[in-house]
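Colleague: Can you take me through this model? I have some short questions.

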Amino acid sequence: MNKKIIFGSMLLGTSVCLFLLYLFGQTEANGSTSEFQEVDYVIGVSQPNLLEPWQVLMNEELKNEVAKHDNIRVIYTDAAQSTEQQIRDIQTLKDYGIDLLIVSIDNSSDLTPVISEMYKEIPVIVLGRGVTGYNYTLYIGSDYYFIGETAAKAAMNLLGNKGGSIVEIQGITSALQAEERTKGFQETLHKNPAYKISDVLVANWQKDYAEDQLKLLLEHRENPPDLIYAHNDAMALGAYRAIQSLGLKDIIIIGSDGVNKQNGGLQLVNEKKINTTFITPTGGKEAIQYAIEILEEKEVIPKKIILRNHEINEKNIKNYLNEKEVAASSQEGGDRSITLGFAQVGNESEFRAANTQSIIEAAKEADVELILKNADNDQVKQIEIIRDFIKQKVDVIAFSPKVEHGWEEVLREAKEAGIPVILSDREINVKDSSLWTSFIGSDFVEEGRRAARWLVTEEDSENVQIIELEGTRNSAPAEGRKQGFEEVLAENPNFKILESYQGDFTHAIGKKMMKKALVQYGKEIDVVYAHNDDMAIGAIEAIEEFGLQPGADIKIISIDATKKAFRALSTGKLNFSVECNPLLGPQIMKSAQDLVRGKEIPMKIITAERTFTQEEAGKEIKKRNY
Ligand code: GYE
């Protein structure tokens, strides 16, 4: 890696800044003013604006972390809420020769294509505010649908069963996070007609704008609303001021962001100006830490880091106001060896064998005492294993949930025992998300989309008939892969799923079901979409025994992309495979150790994954070790 000479001298520094000022709307760079400074990397940070307290906090957290690394130089730009300026900023940062871009955006539809272009040339971290699609190196931020959903639940709690009328104050509508918050909020509320959203205002994240708009609305309304939901605390404060100025009383206000500063959400809750807010970590610190890992080409870089939000209200505000004491007191774990109880789901597939091996090896590597038990694909047995871990008082429990439902009771017991729970490779569906601490695994819906996107570009005939071999019923991967696949097919009506069969992720049942499909549909079948490699390999054998040619007479798509799939791809019997990474051991051990050290870990760590055609598999097969 070439050292970069960055001229730090005041004079030179200043002229560079001037030059940068000329190039970018507003800019600054870190770094000492000593003569010549060698740095390993130059990172560009493009901010949509520094008007909002949350964006300002993000910049501060970035700078605090940068200050710990003297081998990097960071150039910050601020587009002052102008999309055109931000597009120019990004372009000029690139021309300036940065090694990596960190970007937070307001306008996802205009910025997504710009970021996709950048990603073709340098690593890109999307921070705090998302883009559509997956054309970036890493996304670090919150799940904004989840925030909207949790805000709706808080609103229903605060209003009670009698319900009430609600005014929603949105941020910038072109911003994905405003869109997702609204979706989470409205979809959750609409389940119960007692809660009515009477008006939706747009105030661009701005306090004054929210105040003026709400005042205007309420001045002409006979009955004031019962509750205001503002997408950030600045607008929630604006709502509070509007209500004050109109002499109105008893209107509940929910904000979001939970910044611990004057007029930040924590203070507003503490001063009873608003009722609830949600701490939304900016991810600034993590962004710099991961930027360095990416530039140093560390092997395992996730695709998404979803940070956990914490609901703040009058009941728990005191805990968060003196968070420093809280953090200090929870640092009791230190570096002692830890015991991890892992309840593995079964031995159903190549993926599973590689996953179990990765966990065993990583535990040895990390000096974690691992108690690994196998539930043989039986949920009752898996619950018993978890209960046993609770009795043994392990430090952390991790498990790969066979199915999405039925975990509340045992997880509540783990929570009461103070044992954090990590979900490995499969998610669950529980009302109370505090019953689990972190999910490490894949985006199954996106895997399903990738399988279908290949098919609709590959096949152009009038009427394409598909047999689907589904994984374990009600399991997160089967549900997600079906949903993602059907989502893309819905836009391509010439593709039809003839029938879906339950293959339970195993070779044997996959083969048996394919035989059944061949008897029923024979040569009508054009494509087989198998939720994992093992079922696909079973289908290939059934098709050959039926006298047809897999990969030619019938196209076959699978998910996992294990070595077995690579062999089938390189022999032309399988056409396309979507990767699902089983090597989750190292991340599970790191998360377990961080937890015992009292460190907050991300709510979700989504693995980065690829897809493979027959050609690509041919090149990669030697490197595949599972
Ligand atoms: O795709 C399949 C295994 O949970 C993601 O389970 C995992 C899936 C994987 O049986 O092969």
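Modeller: What follows goes from the overall fold to the cavities, a pocket and a few single residues. Keep in mind that this is a predicted model.

Colleague: Start with the fold. How many helices and strands does the chain have?

Modeller: The chain has 22 helices and 27 strands.

Colleague: And the overall dimensions? What box do the C-alpha atoms fill?

Modeller: Along the principal axes, the C-alpha atoms fill a box of roughly 80 × 65 × 60 Å.

Colleague: How does the radius of gyration sit with a compact globule?

Modeller: It agrees: a compact globule of 626 residues would have a radius of gyration near 25 Å, and the chain has 26 Å.

Colleague: What share of the residues is buried?

Modeller: Of the 626 residues, 57% are buried. As for contacts, take those between residues at least 6 apart in sequence: 74% of them join residues at least 24 apart.

Colleague: On to cavities. How many are there of 30 Å³ or more?

Modeller: Three cavities reach that volume. The largest cavity holds about 90 Å³ of space. It is lined by 13 residues, and those closest to its centre are Phe351, Arg352, Arg426, Arg481 and Asp560.

Colleague: Which helices supply at least two residues of that lining?

Modeller: Helix 13, residues 350–366, and helix 17, residues 476–489, each do so for the largest cavity.

Colleague: What classes of residue make up the lining of the largest cavity?

Modeller: Six charged, five nonpolar and two polar residues.

Colleague: You listed Asp560 there. What is notable about its phi?

Modeller: The phi of Asp560 is positive, about 125°, although Asp560 is not a glycine. Asp560 belongs to strand 24, which covers residues 555–560.

Colleague: Is Asp560 buried or exposed?

Modeller: Asp560 counts as buried because its relative accessibility is 3%, and the cut-off for buried is under 20%.

Colleague: Now the second largest cavity. What is its volume?

Modeller: About 80 Å³. Its lining includes Glu52, Pro53, Trp54, Asn232, Asp233 and Asp257. Helix 2 (53–66) and helix 8 (233–245) each supply at least two of the lining residues. By class, the lining of the second largest cavity has five polar, four nonpolar and three charged residues.

Colleague: Where is Asp257?

Modeller: Asp257 is in the loop between strand 12 (252–254) and helix 9 (265–270). Asp257 also has a positive phi, about 115°, and is not a glycine. With a relative accessible area of 10%, Asp257 is buried.

Colleague: Let's switch to pockets. What is the volume of the second largest pocket?

Modeller: The second largest pocket has a volume of about 400 Å³. It has 22 lining residues, and Ile252, Ile253, Lys272, Ile274 and Asn275 lie nearest its centre.

Colleague: Which elements supply at least two residues of that lining?

Modeller: For the second largest pocket, helix 5 (144–159), helix 8, strand 12 and strand 15 (310–313) each do. Strand 12 also comes just before the loop that holds Asp257. By class, the pocket lining has ten nonpolar, seven charged and five polar residues.

Colleague: New topic, Ser400. Where is it?

Modeller: Ser400 is in the loop between strand 18 (396–399) and helix 15 (408–416). Ser400 counts as buried because its relative accessibility is 0%.

Colleague: Which residues is Ser400 in contact with, leaving aside neighbours within four places in sequence?

Modeller: Phe342, Ala343, Gln344, Val345, Arg352, Gln382, Ser424, Asp425 and Arg426. Arg352 and Arg426 came up earlier, among the residues closest to the centre of the largest cavity.

Colleague: What joins the side chains of Ser400 and Asp425?

Modeller: A polar contact of 3.0 Å.

Colleague: How far apart are Ser400 and Lys298?

Modeller: Ser400 and Lys298 are 102 residues apart in sequence, and their C-alpha atoms are 26 Å apart in space.

Colleague: Last one, Ala287. Which element is it in?

Modeller: Ala287 is in helix 10, residues 284–295. Ala287 is buried, with a relative accessible area of 0%.

Colleague: What does Ala287 touch, not counting residues up to four places away in sequence?

Modeller: Ala287 touches Leu62, Ile102, Ile125, Leu127 and Ile140. As for Glu61, it is 226 residues from Ala287 in sequence, with 9.5 Å between the two C-alpha atoms.

Notes
Residues numbered from 1 in each chain as written. Predicted model: local features only at pLDDT ≥ 70, side-chain atom pairs only at ≥ 80, totals over all residues. Heavy atoms only, no water. Helix = DSSP H or I, 4+ residues; strand = E, 2+ residues; numbered from the N terminus. Buried < 20%, exposed > 50% of the residue type's maximum accessible area, 1.4 Å probe, protein only. Contact = heavy atoms within 4.5 Å. Polar contact = N/O pair within 3.5 Å; in protein donor to acceptor, adjacent residues only side chain to side chain. 1 Å grid on protein atoms, 1.4 Å probe; cavity = no way out; pocket = protein on both sides within 12 Å on 5 of 7 lines; lining within 4 Å. Points joined across faces, edges and corners; volume = space filled by probe spheres on them. Nonpolar A, V, L, I, M, F, W, Y, C, P; charged D, E, K, R; others polar. Rg over C-alpha atoms; globule rule 2.2 N^0.38 Å.
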